[in-house]
Amino acid sequence: MKTVFYPTLEEALHLAFQPVRDLRTGRITAVEALLRWQHPEHGAVPPIDAVRVAETTGLIHPLGEWVLDRALRQGSVWWRAHRFVTVHVNVSPVELREPTYAAAVARALLRHDLPATALLLELTETDLMVGDDEVRRTLDELRALGVRLGIDDFGTGWSSIGQLLDLPVDTVKVD
């Protein structure tokens, strides 16, 4: 019988930071925090699978808090070193349906001494286009805080460019 060691959350999960460059200047203006999960038996788990498991098991809220906290912690290090990059963090619509999500984001920014403009939350196009009133309410609260919002993977869903005008977003990443 093979004994499998299951690592702690801190050992199994980590964030990788992907730079976002301004194509005109070449300057790094932002970084995207990307969740990575190393399973002890199966190796690297694709992020989409990790999120799906977290959503279906109810673990998306603590996982999302963990990702946001680690991303803002690192962002704070960069800001204190006068590297004023925006930290992009992917967020699940399941998290956005939580009525206290915007307040939790505000507390995390305060804890890490970052302005709201240092954070950009990314959602997939499909998540934004379903007309979910709870999600829209939370997005409006986040915007009121000054948090920036973006659409990730635009072009993979069913929306049109015209529909973008009705969304409270600052950026669009085209797939």
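Which residue in β2 does arginine 21 stand opposite? Select arginine 21 and look across to β2: the residue facing it is isoleucine 28. That's a handy place to start, so keep both on screen.

**Before you go further**

What you have open is a predicted model. The chain averages a pLDDT of 85, and 81% of the residues score at least 70. Colour by confidence and look for two helices: α5 has the highest mean pLDDT among the elements, at 98, while α6 (residues 125-128) has the lowest, at 60. Where pLDDT is low, the predicted coordinates should not be read in detail. Switch to a cartoon and you should find eight helices and seven strands. Of the 175 residues of the chain, 39% count as buried. For anyone who likes contact maps: among contacts with a separation of 6 or more, 65% are between residues 24 or more positions apart.

**Stop 1: the strands around β2**

Back to the opening pair. Select β1 (13-21) and β2 (28-39); the two run antiparallel and are joined by nine bridges. Leucine 15 is worth labelling, with leucine 35 as its bridge partner in β2. Now go to the turn. β1 and β2 make a hairpin with six residues between them, and glycine 26 in that turn has a positive phi of about 80 degrees.

Next, stay on β2 and add strand β3 (residues 43-45), which runs antiparallel to β2 with three bridges between them. Here glutamine 38 stands opposite alanine 44. This is a hairpin too, with three residues linking β2 to β3.

Then add β4 (86-90). β2 and β4 run parallel, joined by four bridges. To see one facing pair, pick alanine 30 and threonine 86.

**Stop 2: the nonpolar core**

Which residues touch the most other members of the largest nonpolar core? Show Val89, Leu119, Leu121 and Leu142 as spheres; those are the ones, out of 37 residues in that core. Elements giving two or more residues to this core include β1, β2, α2 (47-57), β5 (119-124) and α7 (133-145). The largest share is from α3, which supplies eight residues. As background, in soluble globular proteins, nonpolar side chains tend to be buried together.

Zoom in on leucine 119 and list its contacts, skipping neighbours within four places in sequence. You'll find Leu68, Leu72, Thr86, Val87, Val89, Val105, Leu109, Val147 and Arg148. Two names there link to other stops: Thr86 stands opposite alanine 30, and Val105 is one of the buried residues of α5.

**Stop 3: helix α5**

Select α5 (101-111) and pick out its buried residues: Tyr101, Ala102, Val105, Ala108 and Leu109. Why do they sit on the same side of α5? Look down the helix axis: they lie on one side because they cover an arc of only 120 degrees around it. Rotate to the other side and you'll see Leu110 and Arg111, both exposed. To see what covers the buried residues, show the neighbouring elements, including α3, α4, β5 and α7. Just after the helix, check the backbone at aspartate 113, where phi is positive, at about 55 degrees.

**Stop 4: two serines**

Is serine 76 buried or exposed? Find it in helix α3 (residues 60-80). Serine 76 is buried, because its relative accessible area is 6%, under the 20% cut-off. Leaving out neighbours within four places in sequence, serine 76 is in contact with His112 and Leu114.

Now jump to serine 92, in the loop between β4 and α4 (93-96). Serine 92 also counts as buried, at 6% relative accessibility. What does its side chain pair with in a polar contact? Select glutamate 55: its side chain and that of serine 92 are joined by a polar contact of 2.5 Å. Beyond neighbours within four places in sequence, serine 92 is in contact with Glu55 and Ile60.

Technical notes:
Residues are numbered from 1 along each chain as its sequence is written. Side-chain values use heavy atoms; hydrogens and water are left out. Buried means under 20% relative accessible area, exposed over 50%, partly exposed in between (1.4 Å probe, protein chains only). Contact means heavy atoms within 4.5 Å. A nonpolar core is a set of buried Ala, Val, Leu, Ile, Met, Phe, Trp, Tyr and Cys residues joined through side-chain atoms within 4.5 Å. pLDDT is the predictor's confidence in each residue, from 0 to 100. A polar contact is a pair of N or O atoms within 3.5 Å; within protein, one must be able to donate a hydrogen and the other to accept it, and residues adjacent in sequence count only if both atoms are side-chain atoms. Two strands pair if DSSP finds at least two bridges between them. The arc is that of the directions from the helix axis to the C-beta atoms.
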